[in-house]
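Trainee: Please take a close look at a single part of this model, and then relate that part to the rest of the chain. Which residues are buried there, and which are exposed?

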Amino acid sequence: MKNFILLILLLGLFFSFIQFNYASFTINHLNTTLTLNKNTSAFVNEVINVTISNESLNEYRADRGALNLKLENWQLLIGPLLTQHIINPHSGVYNFSFIPGPPILENNKYIAYLYMNYEVLNVTSVKQIAPRSFKYIFNNNVFNFEHVVSGEILPQNTTFTIKLPNGANNISIYPIPDIPANGLSTKYRNVTTLSWEYAEPLSQFSFSFIITENIQTEVYSFFLKIFNYLGFVTYIIIIAIIILFIFYTYFKARL
């Protein structure tokens, strides 16, 4: 019985220490921005705005100067919200970088911006639905936001933004984004950025769009595929064609 009571007291002290540690840094806002690429990958930029207590200011500055600290160390300092919120469960993230910004004095409080940048593969899937037309479908398995009874949602003070590739149209979305507020009435024509705010449900998130390439892009892609397949032989073929054209023009002019 005494051991059990001692264990309870130790656990209480442990969790109170964690709460005190996290309480020194108040997370004000999380902004997750997803820039989609035509190759189905995406570049992710996450910015976390935190308020730093006066008691933790020196600790923050010291940890910021320790360039060898990993993200796990900063999670112990800031809290569990400091994590990648877009992750492909089959491939993880690539080219990850984490940059804690300097403390800034605003309204008698110190705030800082923490930046995470990384790349994620297979955020969308693509299929050709017509000549030069490709449909991109978002993979909502990449979400790593807060889980509640009803499923995954955007946490408090969070903004999730998607930046579309050039030429995206025929956009289909659920739930309807908060920004632009009137996009549904115009079928999101000429829209390049979509944003969702706090408490939006993500468990049933669906998003797709269509990109129709122009004929010049199709021709360029065709020759690029040939070059990637043949390599240096492509140059020889092109030179041979030019030489044959010169000879043809020359002899035709002589006749």
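Mentor: A residue is called buried under 20% relative accessible area, exposed over 50%, and partly exposed in between, with a 1.4 Å probe and protein chains only. The model is predicted, so local features need pLDDT of at least 70 and side-chain atom pairs pLDDT 80 or more, while totals for chains, interfaces and linings use all residues. Numbering runs from 1 along each chain as its sequence is written, and side-chain values use heavy atoms, without hydrogens and water.

The part I choose is helix α3, residues 71-78. Helices (H or I, at least four residues) and strands (E, at least two) are DSSP runs numbered from the N terminus. Leu71, Trp74, Leu77 and Ile78 are the buried residues of α3. They line one face of the helix, because viewed down its axis they fall within an arc of 115°, taken over the directions from the axis to the C-beta atoms. An α-helix has 3.6 residues a turn, so residues three or four places apart point the same way. Glu72 and Leu76 are exposed on the other side of α3. Gly79 follows the helix, with a positive phi near 130°.

Further along comes the loop between α3 and β3 (94-100), where His90 lies. His90 has a relative accessible area of 78% and is therefore exposed. Its C-alpha atom is 9.5 Å from that of Val142, although the two are 52 residues apart along the chain.

That pair leads to the chain as a whole. The protein chain has 5 helices and 13 strands, and 34% of its 255 residues are buried. Among contacts (heavy atoms within 4.5 Å) with a separation of 6 or more, 66% join residues 24 or more positions apart.

The largest nonpolar core (buried Ala, Val, Leu, Ile, Met, Phe, Trp, Tyr and Cys joined through side-chain atoms within 4.5 Å) holds 45 residues. Leu34, Ile86, Phe160, Ile162 and Phe207 touch the most other members. Leaving out residues up to four places away in sequence, Phe160 touches ten-odd positions that need not all be listed, including Thr32, Leu34, Ile86, Phe143, Leu194 and Trp196.

On the surface, the chain exposes about 16,400 Å² (Shrake-Rupley, 1.4 Å probe, only the protein chains shown counting as cover for residues), with 61% supplied by carbon and sulfur atoms. Ile239, Ile243, Phe247 and Phe251 make a nonpolar patch of about 410 Å². Such a patch takes Val, Leu, Ile, Met, Phe, Trp or Tyr with over 30% relative accessible area, joined within 5 Å. Phe247 belongs to helix α5, residues 233-254, and is partly exposed because its relative accessibility is 48%.

Some backbone geometry remains. Most residues other than glycine have a negative phi, and most peptide bonds are trans. Thr40 is not a glycine, yet its phi is positive, about 75°. Thr40 sits in the loop between β1 (25-36) and β2 (42-52), and is buried because its relative accessibility is 11%. Asn170 also has a positive phi, near 50°, but lies in strand β11; at 54% relative accessibility, Asn170 counts as exposed. Tyr174 and Pro175 are joined by a cis peptide bond with omega near -5°, and Pro175 is in the loop between β11 (168-174) and β12 (193-196). The bond between Ile179 and Pro180 is cis, with omega about 0°, and Pro180 lies in the loop between β11 and β12.

How values were computed: Patches are made of residues with over 30% relative accessible area and no salt bridge: like charges are joined within 9 Å, nonpolar side chains (Val, Leu, Ile, Met, Phe, Trp, Tyr) within 5 Å. A salt bridge is a side-chain nitrogen of Lys or Arg within 4 Å of a carboxyl oxygen of Asp or Glu.
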